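Me: I'd like to go through this structure with you and ask what stands behind the terms. Could you take my questions one by one?

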Amino acid sequence: MRTRIACLRVPDMPLVATLRAHPELADEPLVIAAAAGPRAEIVAVSPAAARHGVQSRASVAHARALCANLCVRVASPALEQAARSALLDAALSCSPRAEIAARASGAWASEATAYLDASGLDALFPSEAGLAAALAARAGKLGLPVGVALAASRSLARIAARQLRRPGEVCVVPPGDEAPFVAPQPLDLLDPDDVLAERLTHFGLHTVGDLLALPRRELGSRLGPDVLRLIAVACGEAREAPVPVFQTRALSEAIDLEYAIDRLEPLRFVLRGLLSRLLDRLEARHLACGELTLGLALASGGRDVRRVAVAAPTLELRVLLQHLLQVLETRSPPDAVVGVQLETEGSAPRSDQLDLFRPAGPAPAALGRALAELAVLCGSDRIGAPAVADDHRPDAFGLGHFQPTGVGPGTAKPQPPAGPEDPQRPSLALRALRPPVTAAVRVSQGRPDSVRSAVANGRVVRWAGPWRTTGGWWTPEERFAYDCFDVQTSDGTVSRLRFDRVQRVWQIDAVYD
Amino acid sequence: MSRLPPNAARSPQAVAKLLRDLGPQLRRGGDATPPDARIRTGIEAIDRLLGGGFPGGRLSEIAGPFSCGRTSLAHALLAEATRSGAVAAVVDVADAFDPVSAEGSGVDLSRVLWVRAPQLRAALRSVEQLLAVRGFALVLLDLARADLRVVPTTGLRLARLTAGTGTPLVALSLQRCLGTAAEIAIELKSTRANFGGSPVLLENLEVEVALVRHRSAPSGHTTSVRLHPTRAA
């Protein structure tokens, strides 16, 4: 199979990263400055600002003189990093073999590039042009206007992508057509260093075709090994390592705030934007959002980190936002917030193998959404599958993750519950009282004689016991000791009455019902 | 066009034989619960009283004071539902579900979703979410004493939510509160608790079950059941 590499390229990443987080600035005259202050150098200019004559490398003060309603934003490393990760996610939406290119320098310092191994992907799309268009569309959904090119190697794909002028444009270099394609391209696209570029210009070489027309050996002896590297790149002969499989599922979105926020309502808008971008990226990679980590950079210089549990992986924005707000409402940040970061470990959406011998249960996706909603309504620690705890405490139980699928690979088949001794004898269940109800008990001859409580009242007409249950004696906090009775009071209630020997109180902790 | 394999002519017969051999174990595609499916309690006398069990897609009510047997009946329903491999949900406003006792009654706890709703409003919205998911063989709503004054106004809403889902929604309460919104309503009361043996233990609890409302069948019938404590209890 021929190697085919796709290149997704964002030519002006500082500008794109800011517009991705602030789409309301898309039509405004906007510049990105390297730092705050009027003397800061401009590193990126929007088309609306360029129409007013604003250029890169000018100062902010000079730019404001040219455009009175100029909007200035300071370059944000957090936003750029998130945008670069989103570019990688766009590539990963089509192939597991994808990587983000190292930052370029010089004239290409503002670009961001991602590569993916597109070998064999033409079977999934109508054509390679269709694949390139799909990549451009998916990147666009993540707020990244990209140009996409396909060629036989990273270098050629990058050259092809660099000659694209408008976002959404695609270029496919068919196999065998590399030489005719690169010949008319300017030498700048090969990214020579400044010294070599000057020497090539001095010799009157302007296009790749000019370079390839000259004898390679003599060029190398005259201009050094760097020119041979350029020729290898132009001919597609440069040895490149295969694009590796990207293993990490961790995704992160971050934003540096223009001003400190000390109220929940404006923070809600920030969180909604971050979550929305994070979920778009998860969806592009066919993942769902599991546990979230919320990091708040504080005005005092500290950092407040919270873990937000999610009942089931979900892509529901409303549910996740509710979880985050609940966490913040429970405990407010100790200081004003100047930066926000959201991280999550993407989880594969729940799937279920249909079972011929069981009734079809809830659809996994619908169940996941419902569990997330229930966690918001009741608390994530109050829903789940009940389990009997390995504990001698009378009311010990656990609450685990509700995942009623069949036996997974490599796991032992769970034992069916013991059930009643005789299926023909219906079971008498216990109804727990949480917390146990305090009772006033009159004791006669070592046994309860009458009970007064919110559950059972009257004279004890029948009783059984006592049975002593003790445990946790190794620490004062865990120690418990109960003398338990089964009693029927004159009002007809049959309950489990116990004397707490540690607290020295009578309680009813369960009712036979 | 490619030729069919030589044994293709025998395939329909082989499939038919397989379906016959598997018999009632095999469930075919379609809705999780057929429209007229009922969930049985597994207690013959009560199932006979109900006309086969609690109907799917309908709201039903089990009411009675403490020690009347309603929780035992609820556990029996859960056991029947989970024994067949289906999943069930318990929306527990009363926070009274006892996993140890339920497991002793034959409930497969791994197939039960326990929702410990902190108040009635959260419980009703939880029920709404669970019914919308579909695929639950049973949803139990265990109400606390304090909610009884509020529930009658929402009974009709619950009945509307349940209709068409195929899932039986069964509410447990100390006294009837759903009125005509319930398709079936039964009331329980304990008649006798028997202690005996050496050492003296609670041997069984006799309860009387009365069918006080049935929308599509005559009501007013009663039956008696004897409930036995499990090893876990």
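Me: How many residue pairs are in polar contact across the interface of chain B and chain A?

Reply: The rule finds 18 such pairs, both residues at pLDDT 80 or more. A polar contact here is a pair of N or O atoms within 3.5 Å; within protein, one must be able to donate a hydrogen and the other to accept it, and residues adjacent in sequence count only if both atoms are side-chain atoms. A word on the basis: this is a predicted model, where local features need pLDDT of at least 70, side-chain atom pairs count only at pLDDT 80 or more, and totals for chains, interfaces and linings use all residues. Residues are numbered from 1 along each chain as its sequence is written, chains are lettered from A and ligands numbered from 1 in the order in which they are written, and side-chain values use heavy atoms, leaving out hydrogens and water.

Me: What makes Asp142(B) and Arg431(A) a salt bridge?

Reply: Their side chains meet at 2.7 Å, N to O. The term asks for a side-chain nitrogen of Lys or Arg within 4 Å of a carboxyl oxygen of Asp or Glu, so the pair qualifies. The count between chain B and chain A is three salt bridges.

Me: How much area do chain B and chain A bury between them?

Reply: About 5,800 Å², with 60% of it on carbon and sulfur atoms. Buried area is the accessible area (1.4 Å probe) that two parts lose on being put together, summed over both. The contact (heavy atoms within 4.5 Å) takes 71 residues from chain B and 59 residues from chain A.

Me: Why is helix 10 of chain A called oblique to helix 11 of chain A?

Reply: Helix 10 (residues 216-223) and helix 11 (residues 225-235) of chain A pack at about 140°, with axes 6 Å apart. Angles under 35 degrees count as roughly parallel, over 145 as roughly antiparallel, 65 to 115 as roughly perpendicular and the rest as oblique. The angle therefore makes helix 10 of chain A oblique to helix 11 of chain A. Among the residues that meet there are Leu219(A) in helix 10 and Ile231(A) in helix 11 of chain A.

Me: Which peptide bond in chain A is cis, with omega about -5°?

Reply: The cis bond joins Arg434(A) and Pro435(A), and Pro435(A) lies in strand 16 (residues 430-444) of chain A. In chain B, the bond from Ser198(B) to Pro199(B) is cis too, with omega near 0°.

How values were computed
Axes are lines fitted to C-alpha atoms, for helices over the stretch in contact, and angles run from 0 to 180 degrees between N-to-C directions. Helices (H or I, at least four residues) and strands (E, at least two) are DSSP runs, numbered from the N terminus.
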